[in-house]
Amino acid sequence: MTSHVPSLRTGVRSRAITVALGAGLVAIAPLRGAQAEHDMESHQHSMKTVESSGEHLSIEVDPDRKEIAIVIGPIDLPAGTTHHALEQLPVQEGTVPFDLTIRGYRAEIVDGEGRPVPQDVLHHMNLLDPDRRELFMPIMLRVLAASHETRPVSLPGWLFGIPMRGGARFLALAMLHNPTSETYTGVRVRLVIEYERRERLPLYTIIPWHLDTMFPVAGTKSFDLPPGASSKSFEASPVVSGLILGLGGHLHQYATRLTLRDLTTDDILYDVEPDVNDDGHIEKIPMLLHRGKGPGLLVEPSHVYRVTAEYWNPTGELIPGGGMGAVAGAFVPLDEWPSADPGNPLYVADYEWVLASQEHHEAGMDARDPPPSRSGNRRR
Ligand SMILES: [Cu+2]
């Protein structure tokens with residue numbers, strides 16, 4: 001996924017639109033600019049303003065670097081604690097400090113002394129916009145997601161950006177655990193966003209989107225896997241027309257295929273078989289990248305799209321909650337993005353579930369449990 005990725009220095013070529021979705025994350029692939037490398041400590045000293053937004057949330061703005069850090073914490077992480085066992089911090093609400101577009105992001109984790117904490121403690125972190133809806137569902141928009149696997153994402157700001165309105169609310173949450181043998185105290189998770197001021201609009205305004213096989217369920221997006229072959233599908237239409245610049249997927253062990261189909265035209269927009277290891281663990285899910293000149297894949301409200309995840313469970317037994325399937329990517333809307341309707345029952349159910357997912361220590365909303373093979377690999 002790092003091929004054909006131009007740097008800021010060399011400029012962006014026409015095929016450079018690389019949009020990656022790893023583990024259901026809206027990860028707009030690593031175009032690494034000059035800003036990609038940061039020294040965490042010098043970074044902290046250069047903070048210009050700090051806007052405290054609450055007991056467990058603060059926002060730090062660094063206009064020189066054009067970075068905003070959404071900081072969640074502090075929280076203590078005893079050694080060897082699962083995310084179920086840990087008392088998670090509740091979902092935090094904050095305010096976007098000014099009009100901006102997001103051109104990149106990364107997650108940083110530090111302890112009470114400001115020392116780096118291993119990224120492995122981050123189960124997932126999400127930034128959500130409760131005032132805008134999702135492309136395919138009337139639920140609040142998932143803006144960014146990060147897990148311990150997420151590498152820094154950076155885009156040329158003149159080309160792409162996710163617009164955020166100053167004064168608008170956001171929700172931020174971090175689900176943590178501690179698979180290491182060391183205890184960390186006073187831990188803070190920093191979602192560092194690289195921004196451009198809105199006066200300089202990017203060429204393409206992009207909105208993240210995802211389509212989950214478990215929609216419209218508001219709750220865990222995992223499903224049971226019966227023995228042998230099975231599949232899970234969901235159909236929906238986008239609320240506005242626009243262009244898909246790239247998409248990727250999220251699957252669990254024993255997945256065999258993930259497709260996105262335009263049922264109206266019978267076109268297949270995305271059809272991949274994941275790379276798996278000998279145990280059927282997902283190693284990699286190929287991405288579709290829009291390359292070349294001209295627009296991305298056009299999707300329209302008058303068409304119906306179906307996402308399907310296929311599985312082959314070889315164990316001979318039902319695996320409770322073993323499956324997951326979603327496609328996600330970046331989208332260039334051709335119309336005004338619609339506001340969320342907070343009275344919509346699906347919106348309400350999803351909102352309540354997002355809040356409850358932290359309180360009840362449930363695994364994952366969208367960024368989810370990484371497949372065991374992956375997390376296992378990372379934990380020595
Ligand atoms: Cu999952």
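How many residues does helix α2 have, and how far does it reach from its first C-alpha to its last? Before I answer, a word on the material. This is a predicted model, in which local features need pLDDT of at least 70, side-chain atom pairs count only at pLDDT 80 or more, and totals for chains, interfaces and linings use all residues. Residues are numbered from 1 along each chain as its sequence is written.

Helix α2, residues 345–359, has 15 residues and reaches 21 Å, close to the 21 Å expected at 1.5 Å a residue. That expected span is 1.5 Å times one less than the number of residues. Helices (H or I, at least four residues) and strands (E, at least two) are DSSP runs, numbered from the N terminus.

Within α2, the buried residues are Y347, D350, Y351, V354 and S357. They lie on the same side of the helix, because they cover an arc of only 125° around the axis; the arc is that of the directions from the helix axis to the C-beta atoms. P345, E352 and E359, on the other side, are exposed. Here buried means 20 or more other C-beta atoms within 10 Å of the residue's own, exposed means 12 or fewer, and partly exposed lies in between, with C-beta atoms placed from the backbone.

What do the buried residues of α2 pack against? They pack against β6 (122–133), β7 and β10. Contact requires C-beta atoms, placed from the backbone, within 7 Å.

These three strands bring me to the sheet. It is open, has four strands in the order β4-β10-β6-β7, and is paired antiparallel. At its edges are β4 (92–95) and β7 (140–146), each pairing on one side only. From one strand to the next, the twist averages 25°; axes are lines fitted to C-alpha atoms, and angles run from 0 to 180 degrees between N-to-C directions. Strand β10, residues 169–176, is joined to β4 by four bridges, and pairing requires at least two DSSP bridges. One such bridge links E93 to L171 in β10.

I turn next to V110, in strand β5 (residues 100–110). V110 counts as buried because it has 21 C-beta neighbours inside 10 Å. Its C-alpha atom is 5.6 Å from that of V187, although the two residues are 77 apart along the chain. Beyond four places in sequence, V110 is in contact with R115, P116, V117 and R188.

Finally, V327 touches H210, L211, L247, G249, L258, L260, Y270 and V307, again setting aside residues up to four places away in sequence.

Definitions and conventions
Two residues are in contact if their C-beta atoms, placed from the backbone, lie within 7 Å.
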